[in-house]
Structure formats: structure tokens, C-alpha cells
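Please open the structure in your viewer and keep the selection tool at hand. The tour below goes from one selection to the next and says what is to be found at each stop.

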Amino acid sequence: MVATQTHKEQIREAPIQRRDGMILNQLSQGLFALFGLIVVYILGRALFENPGLFMQQVLNGLELGFIYALIALGYTMIYGIVKLINFAHGDVFMVGSFASFYAISILDLHRWPAWIWPGMSSTLVMIIGTITIILISMFVSGLLAVVMERFAYRPLRNKPRIAALITAIGVSFFLEYFGALPFVFTNNYITYDRPFDVTVYSAGEISPVVIGVMWGLLVISLVAYFMLRTQAKSGDMKAQAWLRHPLLQFGWLFGGFFAFVLTLAGIHLESGGKVWDLSVSNVTLVIMGASILLQVLLQFVVTQTQLGKAMRAAAYDKDAARLMGINVDLVIASTFALGGGLAGAAGVLYATAFKQVYYLMGIIPGLKAFVAAVIGGIGSIPGAFLGALIMGQTEVLSAGFISTPMRDAISFSLLIIVLLVWPQGIFGEPPGEKV
Amino acid sequence: MALLEVKDLVVSYGAIRALHGISFYVDQGEIVTLIGANGAGKSTTLRTISALQRADSGQITYDGKDITRASASAIVHQGLIQVPEGRRIFAPLTVRENLEMGAYSRKDKEEVAASMEYVFQLFPRLKERLEQAGGTLSGGEQQMLAVARALMAKPRLLLMDEPSMGLAPILVEEIFDIIQEINAQGVTILLVEQNAHMALSIANRGYVLETGTIQLEGPAKELAANPQVQEAYLGGG
Ligand SMILES: Nc1ncnc2c1ncn2[C@@H]1O[C@H](COP(=O)(O)OP(=O)(O)OP(=O)(O)O)[C@@H](O)[C@H]1O
Ligand SMILES: [Mg+2]
């Protein structure tokens, strides 16, 4: 029998297994445990001394994590289907930020409903406008990713993988320094106007009804999950199918995170004679909501649509996918479009959070999201999400309680530590079961 | 006119020539088998027909149309479907999703649902495993799924690459029964096999491929009686 291309690749990709060395194995686990204890000690002390500040940092970390998640999904999806680390992905994110900057500050597009219906309430204008801006950036970034795939990566698809990898680095530099040209994005930091006004909610300002609804959503979806699981175990195929349905994910993700954040923001803490009113801004809520919504939509596309199934099929075995009549080139282009679109949305959210755009702004978030995808297990969508939340917390908590200048170093060392214990990342599957 | 006609097909992998100009045809309604030893070029032939591999020269005509340069998906859309060597099930996808991928080229939902029912009649065991990941099926079940998936495309001509590979004798019998049943439903079959005995017993005609050239051809009965074939492929006279 002749091993086919895919099968050969899978053999070559077989990772170094943990059982290679008992001592190394124990050493790495020991290191992991030690690191864990130190972290728990530092964070525990911080929490005890100043619970208000600590929880506020956790909220900030969530905001960052949800942005990284959107970028990380692109890395993981693209890797899943073409086995390429798209190093230019951070720059696609940057272009998304700039697209929204132009749409807002030059074209005033975030107020378009008000041009057409001058009487419209300003809240509604803000909501529709913000959604429009996000969609515009998603479109621009998605298109950029498709063009990139078509002209830079596709010609190299059957060449050694290192060629595409180096090209990706080249594309990254091209986007950055083309962006730096005076008639493109310029090489200055530019102030970014948010598409909506900031409101901060603190204790007592959030309706208990809203909080209750969120808890309700969480509880209902968890109960549904466990009921479906018992039924699925007893062989009920409808239940097995529903268990994978993104609606369930939406319920517990959306309900869970909003219940958590809104409850925290509603807390009025008194400790050590001091009063801590936690607060949350609508920027955090928008970021969280948009990120969760987009992820669930992505899950919907991937698990429920023909395109998504074709993406997973092609990621697993391209020739077999061709034999089904799947146009693999089109499926790969669509994957780049989806990944790029998510990065574009992340670009708007990031710029909204930090009120600034800059031609090199994609580098660090891009790297962080890449690390997040690897930590979660590259190729795994839930892994990218979990990894991103971990990266967000690591960055914010180490900046807050360990050392600000060290925060990036700490975030990146997390990669090494996690990979020592889980060489495939947390949700990484053994080769041959990607995506 | 033949449903499939291959003329002077030459295919190489880089500098290595795998097919040295082979010609054969398959008529509507036939079972034709292509037998030969390991590395003879059987899979290469099927892969080239399905456009996974490019021909250096030669011509492939299907249903009166030249498909030598057609895309893989265009070929599938015309009902020329392949069950590849080694099953190639999409392991992470569920059995249902695998079947849906088989029907990827078809748009009519009702007809696809009818095909699904037909496939369940042929392979009742797949119905019990619908929501299970394809990779968790046993080898035999995966082969059933591979055939079922191809049937979901509503083939007119089915190319099958060693469907008996790695199966227990009783399953081999079952698969060959099913091949005959599919053929009886009007599907033309080009069957690649190492199990020459079984293949020749159900085929109308056969071709013997040896290192990229066709050595012998003729009605299956004659081939089975040919001393050369008996020695090389049927375990001696
Ligand atoms: N991807 C490839 N790259 C290089 N050479 C290949 C490749 N695939 C097949 N070959 C060569 O082409 C020749 C024919 O291979 P092919 O797979 O068509 O044989 P086969 O008749 O199907 O054999 P088997 O019965 O083992 O499946 C062999 O010599 C093989 O080594
Ligand atoms: Mg073969």
C-alpha cells in the first residue's frame, strides 16, 4: 500500500510523547506545581489584602481575554486546515482596527442611522452604528485574509511548509511597513474615537432583573446540558446531536459570563475599614457580548452548516474531501475569510478598549493570541477560547500584582510551562484528530 | 458507447512513471475489475480518473465528455464517484456528517433523505451509530461507511479501490454481495482488487495491470481460467 500525502504528514507530525523520559516528566510537573503554588500565594495575598482591586483586575483580564479569543480562533482555524501559522494574522487585526478608525473618524459611518432617520433615539443609533462598524472591519479584514491566502499562500501550498511560514513573516512585515507609509496609516499613534459613548455601571445601577435573567440563562442551560448528557449516554441520538448544538454553548457562555460580571459589578464590598464599589463599563460588556456572540456563531457555522462540515472534512483529509465534490480551495479561502473577519472584529474591540491605533499594534496581541491558541491546543476552537482567557488573566494579574514590565515575559513563559505538562496544549488532540 | 473510456493514459510522480499509457473502457451497467500486484498502478489509475492526480498525456472520456482536465468537484457532480483505498473516513465527523459530506454535490434535500434511507437499508448498523464519530467505528464498519458515503452522491459510475482490504472473510463476502446489489440497481462499477478470485467471480470483464501497463484483458471467466492469472493472482493452478 502506498501511504498517501496526508497519512505521511500525520506520521511526520507525531509529537514527542510525554513518556519519553520519566525524569523530565516529573521535573516538569514539579516545576508546574511550584509555579502554581507561587502564583496562588501571590494572588491569594492580593485578593485577601484588597479584594476590590483584585476583582476589578479580573474584570479587566476578562475583557482582554475575550479580545484575544477572537484573534486566537483565526490562528487555530487556519492552522487546522492548512497547517500554517499565519504570522500575518496580528496585522490583519491591525488593519481591522484602522478600517474602523476610518469608518468612524473620517466617514462618520457609526451614525448612519441618524442620517436616515434623524428622530431615532441615540441609544439605538449607537447600537446599530457599533454593529455596522464591527461588520465593516470584519469585511475588510476577511477580504484581506482571503487576498493574502490567494496570492501569498496558495502558490506555496504543495511546497515544503517552511516556505509558507517564511512568507507569512514576510507578509506581516509588508502589512506593517506598508501601513507605516505617510499616505497609508502613518507611523504615529492615532487617537481612536469609540463608536459609542462610555457608561460605567457600579453597585445598584444594574437592574437585579437583568442579573437574575443571566443567572437563569446559565442555570437553564446547565440543567439542559446535564439532562441531555444522561439521555445521550443511554443511546438517545437526538440528545447526542443536541449536546453539540451551539445554542447550549451560547446559553452557558453568555449567561455564565454576564451573570458573573454583572453580579461582581453590583457588589458593594467593605473590608479592612475600606469600601470597594466594583464597577463595569459598557466597553467591557460590549467586548464580552460581541466576542461570545461571534464565537457561538462560528461554532454554529462549523458544526451545523455544509460549509463548516466541509471545513472540518478538508482539515482532516483534503483528497477525501475532493472526492466528495468539495471545492477545497474555496473552503480554505472561506476559512481565511472567517478567521480574518474575527480578527477584524477583535481590532474594533481592542481599539475601543485602548482608544488608540498604531501600525505595529498587531504584533503583541497577535503573539499573545498565538500563544493562547497553542496553550489551548492548536486546531481546537474551545482550546483557543480557554487559552485566550488564561492569557488575558495572566497578563492583567501579573501586571497588577507581580510586575508591570514583566507582564509579557510572564505571559509568554506560561507557554513553556503549559507545554511541558500538556505537549499538545490543553484541548489538543492526538494528531489525526485535528479541529 | 462506453460510459468510461481511458486512452493511452500516462501518469508520473515526479520522475517516476507509474502508468505507461494504459487503455480500457467500462460500459454502462457493467462490473469491470482491475487487478494487479502491489504498486502496479491501480490506485494511480483511479486517482487520475477522479482528478486527484494529473495525467501527463492520454485521454479520459466519461459519458461522452472529455474529463481529462476537469476539476475533482466537476467530476463528482457528474456522478463519477470513488471509494478510495483505505476508506478515508472523516474521523472527527459523525457518521451522519460523513454521509452528508457524501451528498455534498447534491442540492435536493428530499432526494438526499431518500438516499440516506436507502443506505440504511443496505447498512442497518450505520443507523445505530449516526451520532458517533466516524473514527470510533470498527474497520469493517468504516468500510461500510465509506461505501455508504459514496452512495450518498448518487453515483452513475462507482470506482472502488480495494473495498475488501483488511476485512475478515465473512465481511468480504458481505461487501461483495453489496457491490452486486448496487450494480443491480443500475450503478456501473470499476472495481480495483487484490482479491482477484472474488473480483473475477462477480465481474463481467477484467484487466490485469502490471507495473503500469495492461498485460491481459478479457471476460472475467476467461481471465479466471487463464493459467498466467491463476499462477500470479489466484495462488497457483
Ligand atoms: N504519492 C506518490 N509519490 C511517488 N510515487 C508514488 C506515489 N503514489 C504512488 N507512487 C508509485 O506509483 C506506483 C503505483 O502506485 P499505486 O498506488 O497506483 O499502486 P497500486 O496498484 O494501487 O498498489 P497497492 O495494491 O499497493 O495499492 C508505485 O510504484 C508507487 O510507488
Ligand atoms: Mg492501491
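## Two helices of chain A

Begin by selecting α3(A) and α14(A), which are roughly antiparallel to each other, in what is, like everything on this tour, part of a predicted model. In residue numbers, helix α3 of chain A covers residues 51-82 and helix α14 of chain A covers residues 328-354, and their axes come within 9 Å and cross at roughly 165°. Because angles over 145 degrees count as roughly antiparallel, that crossing angle of roughly 165° places α3(A) and α14(A) in the roughly antiparallel class. If you look along the pair, the crossing in which α3(A) passes α14(A) is left-handed. Colouring the residues of the contact of α3(A) with α14(A) by class will show 18 nonpolar, four polar and one charged.

## On to α12 of chain A

Keep α14(A) displayed and add α12(A), whose axis comes within 10 Å of that of α14(A) and crosses it at roughly 105°. That angle makes α12(A) roughly perpendicular to α14(A). To see where they meet, select L307(A), A310(A), M311(A) and A314(A) in α12(A), together with V328(A), V331(A), S334(A) and T335(A) in α14(A). The residues of this contact of α12(A) with α14(A) comprise six nonpolar and two polar, with no charged.

Now hide α14(A) and bring in helix α11 of chain A (residues 282-304), whose axis comes within 5 Å of that of helix α12 of chain A (residues 306-316), the two crossing at roughly 75°. Here again the angle makes the helices, α11(A) and α12(A), roughly perpendicular. On the α11(A) side the contact is made by V301(A), V302(A), T303(A) and Q304(A), and on the α12(A) side by L307(A), G308(A), M311(A) and R312(A). By class, the residues of the contact of α11(A) with α12(A) are four nonpolar, three polar and one charged.

## Where chain A touches chain B

Next, display both chains and select the contact between them, to which chain B gives 24 residues and chain A gives 22 residues. On the side of chain B that touches chain A, look for α2 (72-77) and α3 (95-102) of chain B, each of which supplies at least two residues. That side of chain B is made up of twelve nonpolar, eight polar and four charged residues.

With the two chains still shown, select ligand 1, which lies between chains A and B. Which residues come nearest to ligand 1? Of the 15 residues around the ligand, they are Y13(B), A18(B), K42(B), S43(B) and T44(B). In chain B, β2 (16-26) and α1 (42-49) each supply at least two residues of the shell, and α1(B) provides the largest share of the shell, three residues. Sorted by class, the shell around ligand 1 holds six nonpolar, seven polar and two charged residues.

## The domains of chain B

Finally, isolate chain B and colour it by its domain assignment, with domain 1 taken as 1-39 + 50-79 + 156-173 + 187-237 and domain 2 as 84-154. The centres of domain 1 and domain 2 of chain B, taken over C-alpha atoms, are 24 Å apart. Each of these domains of chain B gives ten residues to the contact between them. On the side of domain 1 of chain B that touches domain 2 of chain B, the elements giving two or more residues are α2 and β7 (157-161) of chain B. That side of domain 1 of chain B has five nonpolar, three polar and two charged residues.

Notes:
Residues are numbered from 1 along each chain as its sequence is written. Chains are lettered from A and ligands numbered from 1 in the order in which they are written. This is a predicted model: local features need pLDDT of at least 70, side-chain atom pairs count only at pLDDT 80 or more; totals for chains, interfaces and linings use all residues. Two residues are in contact if their C-beta atoms, placed from the backbone, lie within 7 Å. Helices (H or I, at least four residues) and strands (E, at least two) are DSSP runs, numbered from the N terminus. Ala, Val, Leu, Ile, Met, Phe, Trp, Tyr, Cys and Pro count as nonpolar, Asp, Glu, Lys and Arg as charged, and the others, Gly among them, as polar. Domain bounds come from an automatic or database domain assignment. Axes are lines fitted to C-alpha atoms, for helices over the stretch in contact, and angles run from 0 to 180 degrees between N-to-C directions. Angles under 35 degrees count as roughly parallel, over 145 as roughly antiparallel, 65 to 115 as roughly perpendicular and the rest as oblique. A crossing is left-handed if the near helix is turned anticlockwise from the far one by less than a right angle, and right-handed if clockwise. A residue is near a molecule or strand if its C-beta atom, placed from the backbone, lies within 6 Å of it.
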